[in-house]
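Open your viewer and switch to the cartoon view. This tour goes from stop to stop and says what to select at each one.

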Amino acid sequence: MQPRQLLPNLTFLDLYPPAADAAREVLSSLSAATPHLDPKYFYDEQGSALFDAITRTPEYYPTRTETGLLHEHAQAMARALDTELTIVEPGAGGCEKARILLDQWQPRGYMPLEISRECLLDATRQLAPRYPQVQFQAVCADYSQALTVPIDHQALPRLVFFPGSTIGNFEPAARRAFLTDLRRLAGDDGFLLIGADLQKSPARLHQAYNDSAGHTAAFNLNILAHLNRRLDCGFDLDAFEHQAFYNEEQQRVEMHLHCHRDQHVHIAGEPLTLSAGTRVHTENSYKFSVEAFSRELVTAGFQPLSCWLDDEALFSVHLARAA
Ligand code: AVJ
């Protein structure tokens, strides 16, 4: 598949996974001993809008804390990098955080990868004209499936930008593998700028994932609404309830959808029953210590350069280079 030229400095490559593949994946994860869904299914157009609403609640500290750190330290980061580069951002959403880097770094290129096509197209169509010096290569893709995006080998060196503590969605073994994929994506002369949410009081974490306006609950339930829209599953959203709590032993926030009425649905042409009392595990959000996370970067083949924290030590932003 060839990228389409949308604007003089914007190309778009559509690698959105076919619905039939999604249906088979969803069927198998909901039929597992612990029914679960991959958090990537949160993000259709509505899910991205609901996530935006979460980031504006008083309880959800990660986005505004990380954005503050990026604003405050972007110049120090640029000095540490001391080179012109192309930014590659898996899971770019509306590209809000990348704007801070585009404003302060003058990179030569920006390649956002995003599974929500509408979100990606809206964001890059708005951004590209404002940064005519930057080459935008938008890729609609499920980066958890394939980080083997068509990388432009002219566009070196690369900085992989993975903000938001999305790394916390991976379980430890998958996280190791994914960080190694990011190291490959960065290349031997590349860099990684990554956000990691920090361990803190369980009460604070509980609030962040149970905001009083109910946006997190709506976001969690939207995973089923999205599957209804995309795959015509027939979930009754009223039969499910949002649950989020901190699992201290595993050092992660867990989100679930508790099913309190039998559900008979159809996925990939197969009938599936979720009985009352079943819980669908929709997300893990691991919380880190700076030391442990830095060690994981080293294990994946990076050399940590700097790490920035806010005054309350809520959130960390790590800059590393390929070792
Ligand atoms: C985007 C994955 C970092 O885990 O905090 C927000 C998603 N889930 N509220 C997170 C999310 C519930 C978020 N990440």
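One cut-off first: a residue counts as buried when its relative accessible area is under 20%. Keep in mind that this is a predicted model.

**Stop 1: Leu 120**

Select Leu 120. Is this residue buried or exposed? Its relative accessibility is 0%, so Leu 120 counts as buried. The residue sits in helix H5. Now show what surrounds Leu 120. Leaving aside residues up to four places away in sequence, it touches Phe 12, Gly 93, Pro 112, Glu 114, Ala 138, Val 139 and Cys 140. Then pick Pro 17. Along the chain, Pro 17 and Leu 120 are 103 residues apart. Their C-alpha atoms are separated by 15 Å.

**Stop 2: the sheet**

Colour the strands. Nine of them form an open sheet with mixed pairing. Follow the order across: S1-S2-S5-S4-S3-S6-S7-S14-S13. Which strands stand at the edges? They are S1 (4-7) and S13 (302-309). Each has a single partner strand, so one side of each lacks a neighbour in the sheet. From one strand to the next, the twist averages 20 degrees.

A word on how sheets are held: strands pair through backbone hydrogen bonds, either parallel or antiparallel.

**Stop 3: S4 and S5**

Zoom in on residues 109-114, strand S4, and residues 135-140, strand S5. The two run parallel and are joined by four bridges. Click Leu 113: its bridge partner in S5 is Val 139. Next, show helix H5, residues 117-127. H5 packs on the sheet and touches S1, S2 (10-14), S4 and S5. The direction of H5 makes about 170 degrees with that of S5.

**Stop 4: helix H4**

Select residues 96-105, helix H4. What does H4 lie across? The strands are S3 (86-90), S4, S5, S6 (158-162) and S7 (191-197). H4 runs at about 145 degrees to S6. Its buried residues are Lys 97, Ala 98, Ile 100, Leu 101, Leu 102 and Trp 105. Then click Gln 106, which follows H4 and has a positive phi, near 50 degrees.

**Stop 5: H2 and H8**

Finish with helix H2, residues 45-55, and helix H8, residues 215-231. Their axes come within 9 Å and cross at roughly 175 degrees. The two helices are therefore roughly antiparallel to each other. Show the side chains at the contact. On H2, look for Leu 50, Phe 51 and Ile 54, among others. On H8, the contact residues include Ala 218, Phe 219 and Arg 229. The contact residues divide into six nonpolar, five polar and one charged.

Notes
Residues are numbered from 1 along each chain as its sequence is written. This is a predicted model: local features need pLDDT of at least 70, side-chain atom pairs count only at pLDDT 80 or more; totals for chains, interfaces and linings use all residues. Side-chain values use heavy atoms; hydrogens and water are left out. Two strands pair if DSSP finds at least two bridges between them. Axes are lines fitted to C-alpha atoms, for helices over the stretch in contact, and angles run from 0 to 180 degrees between N-to-C directions. Contact means heavy atoms within 4.5 Å. Buried means under 20% relative accessible area, exposed over 50%, partly exposed in between (1.4 Å probe, protein chains only). Angles under 35 degrees count as roughly parallel, over 145 as roughly antiparallel, 65 to 115 as roughly perpendicular and the rest as oblique. Ala, Val, Leu, Ile, Met, Phe, Trp, Tyr, Cys and Pro count as nonpolar, Asp, Glu, Lys and Arg as charged, and the others, Gly among them, as polar.
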